[in-house]
Amino acid sequence: MIHRKHFSYTPGEHETEAASGSYLMSLIAIIVGLPLPIINLLATLIFYLGNKKSTYFVRWHCTQALLSQLTMLFINSYGFWWTISIMFTEESITGKYIAYMIAAIIFILTEFIATIYTAIQTRKGIHVEWWFYGSLTNLICKSKS
Amino acid sequence: MVVLWFTDKFNLQIKIMKRLVFEGLIIILLFFGTWFALNQIDWIKIFKVQKVTDTTEQKLGELFWDFFKKSEDEISDKNVIEPVSEIVAYISKANKINRDKIKVHVLNNDNINAFALPGGHLIIYTGLISKCDNEGELSGVICHEIAHIELNHVMKKLITEIGLSVLISITTGSGGADVIKEAVKLLSSTAFDRSLEKEADIKAVDYLIEAKLNPEPFAAFLFKHSDNENEAANYWSWISTHPDSKERSEYILDYSKDKLTEFKLILTPKQWGSLKAASAVTE
């Protein structure tokens with residue numbers, strides 16, 4: 001699911017720090033945003049916009065961090081509103097709901113671990129591409145040179 | 001040369017897009033596959049969800065009944081209690097409903113009302129008994145309230161109107177007396193959702209038919225008192241909280257039309273007479 005690849009150039013110290021920061025930002029966003037999923041996306045989006053004019057390496061990793069939040073946004077939002085409807089409407093707790101929440105937790109945990117790993121690797125200057133999100137980032141984020 | 005370069009670039013883009021779609025689909029399938037696989041496990045049983053829900057309902061029922069017990073006068077006259085219990089027992093047995101689940105309480109109140117509380121508590125006011133012309137009318141109203149209990153309408157209404165979190169806080173003792181008062185008022189003096197009322201009516205007719213009791217008096221009771229819908233709403237609680245009585249009596253008759261067979265009576269004329277007399281005396 002995660003591939004270590006060679007980037008087109010060797011990033012500098014400040015670049016690896018900023019790129020790693022984008023993952024740390026999304027990591028904090030995952031924790032804070034669990035009850036309110038939109039926070040995940042907003043926090044990463046702000047960090048992405050802040051680094052939009054940065055170097056290719058930083059932009060690339062900010063984009064990957066942002067895109068990875070999108071899937072979580074859908075999964076979390078659905079789970080969040082399902083929970084709200086159980087709390088405040090006549091909807092009751094079903095096996096389907098519990099199965100969904102466990103599946104969501106498995107995915108959130110997987111993303112959590114992958115984010116920590118990627119943050120450490122990018123800090124070392126190692127380029128890490130995620131399954132699907134890496135390819136998508138390659139399509140969106142282009143080198144200016 | 002330029003055409004070849006463009007063709008190569010186009011083919012590369014197509015290849016990337018195909019890979020992207022494939023990887024995206026794998027992620028979607030992985031999530032839904034995990035959900036589907038997890039859905040095969042009986043989580044409700046594992047987490048004892050039903051047990052927790054039942055315990056909450058039982059606790060709420062006890063708290064709400066306590067409220068009535070303290071504020072109203074419960075009838076202990078066997079001329080009232082025995083016939084009412086006999087009707088409930090007969091209907092429960094005929095419809096394979098656990099009799100012990102239904103806890104009947106008759107309260108000395110001239111209000112024409114009957115309602116269900118969580119935990120299977122069924123409250124009947126003496127005012128309602130004295131306004132019933134025969135046991136068929138009373139049986140119909142009892143069946144309607146049992147239907148609300150059996151179809152879990154009471155908890156559904158409470159969760160919709162008050163919210164599960166507030167209900168749980170009541171059971172843990174942090175809800176406060178005002179919330180209990182509000183919830184009790186909600187159950188005793190407001191109607192259920194129109195669709196729930198119709199569902200309870202239809203179920204009540206099913207119960208009556210299964211018990212070989214005539215549903216016509218139930219329809220007649222609604223029709224007869226439908227004129228009171230707009231007047232003295234406080235007094236005719238059961239009618240005013242169950243609007244469109246005429247329409248309801250019509251669909252009850254319509255639904256039971258082809259199901260009419262030979263009917264029985266549960267009480268003897270003497271028992272019914274004593275029940276009416278005792279209810280009238282206590283008013």
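The following paragraphs lead through a predicted model of two chains, A and B, beginning with the overall make-up of each chain and ending with individual residues.

Chain A contains five helices and two strands. Read from the N terminus, its elements follow the order β-α-α-α-α-β-α. The chain has 145 residues, and 35% of these count as buried. Among its contacts between residues at least 6 apart in sequence, 73% join residues at least 24 apart.

Chain B has 14 helices and three strands. Its sequence comprises 283 residues, of which 34% are classed as buried. Where contacts in chain B link residues at least 6 apart in sequence, 71% of them join positions at least 24 apart.

The two chains meet through 21 residues of chain A and 22 residues of chain B. On the chain A side, the elements that supply two or more residues are α3 (56-88), α4 (95-123) and α5 (133-140). The greatest contribution comes from α4(A), with nine residues. By class, the chain A side of this contact consists of 15 nonpolar, four polar and two charged residues.

Two of these helices, α3(A) and α4(A), also pack against each other. Their axes are 11 Å apart and form an angle of about 160°. Because angles over 145 degrees count as roughly antiparallel, α3(A) is described as roughly antiparallel to α4(A). The crossing of α3(A) past α4(A) is left-handed. From α3(A), the contact draws on A:H61, A:S68, A:M72, A:I75, A:N76, A:G79, A:W82 and A:I86. The partners on α4(A) are A:Y97, A:Y100, A:M101, A:A104, A:F107, A:I108, A:E111 and A:T122. Sorted by class, the residues in this contact are 10 nonpolar, five polar and one charged.

In chain B, attention turns to helix α6, which spans residues 135-150. This helix has 16 residues and extends 22 Å from its first C-alpha to its last, close to the 22 Å expected at 1.5 Å a residue. How many residues of α6(B) are buried? The count is 16 of the 16, so α6(B) is largely enclosed by the rest of the structure. After the helix comes B:N152, which has a positive phi, near 60°.

One of the elements packing against α6(B) is helix α4 of chain B, formed by residues 78-94. The two axes are 10 Å apart and meet at an angle of about 60°. This angle makes α4(B) oblique to α6(B). The crossing of α4(B) past α6(B) is right-handed. On α4(B), the residues in contact are B:I87, B:V88 and B:I91, and on α6(B) they are B:E135, B:L138, B:S139, B:I142, B:C143 and B:I146. Their classes are seven nonpolar, one polar and one charged.

The surroundings of α6(B) can also be approached from a strand residue, B:A116. This residue belongs to strand β2 of chain B, residues 114-117. It is classed as buried because 25 other C-beta atoms lie within 10 Å, where 20 or more are required. Which residues does B:A116 touch, leaving out those up to four places away in sequence? They are B:H121, B:L122, B:E145, B:H148, B:I149 and B:V154. The stretch 135-150 that forms α6(B) thus supplies B:E145, B:H148 and B:I149 to this set. In addition, B:A116 and B:I102, which are 14 residues apart in sequence, have C-alpha atoms 9.5 Å apart.

A second buried position in chain B is B:K276, located in helix α14, residues 269-282. Is B:K276 buried or exposed? With 21 C-beta neighbours inside 10 Å, B:K276 counts as buried, since the cut-off is 20 or more. When neighbours within four places in sequence are set aside, B:K276 is in contact with B:I129 and B:S130. Of these, B:S130 is 146 residues away from B:K276 in sequence, while the C-alpha atoms of the two residues are 5.6 Å apart in space.

Definitions and conventions:
Residues are numbered from 1 along each chain as its sequence is written. Chains are lettered from A and ligands numbered from 1 in the order in which they are written. This is a predicted model: local features need pLDDT of at least 70, side-chain atom pairs count only at pLDDT 80 or more; totals for chains, interfaces and linings use all residues. Helices (H or I, at least four residues) and strands (E, at least two) are DSSP runs, numbered from the N terminus. A residue is buried if 20 or more other C-beta atoms lie within 10 Å of its own, exposed if 12 or fewer, and partly exposed in between; C-beta atoms are placed from the backbone. Two residues are in contact if their C-beta atoms, placed from the backbone, lie within 7 Å. Ala, Val, Leu, Ile, Met, Phe, Trp, Tyr, Cys and Pro count as nonpolar, Asp, Glu, Lys and Arg as charged, and the others, Gly among them, as polar. The expected span of a helix is 1.5 Å times one less than its number of residues. Axes are lines fitted to C-alpha atoms, for helices over the stretch in contact, and angles run from 0 to 180 degrees between N-to-C directions. Angles under 35 degrees count as roughly parallel, over 145 as roughly antiparallel, 65 to 115 as roughly perpendicular and the rest as oblique. A crossing is left-handed if the near helix is turned anticlockwise from the far one by less than a right angle, and right-handed if clockwise.
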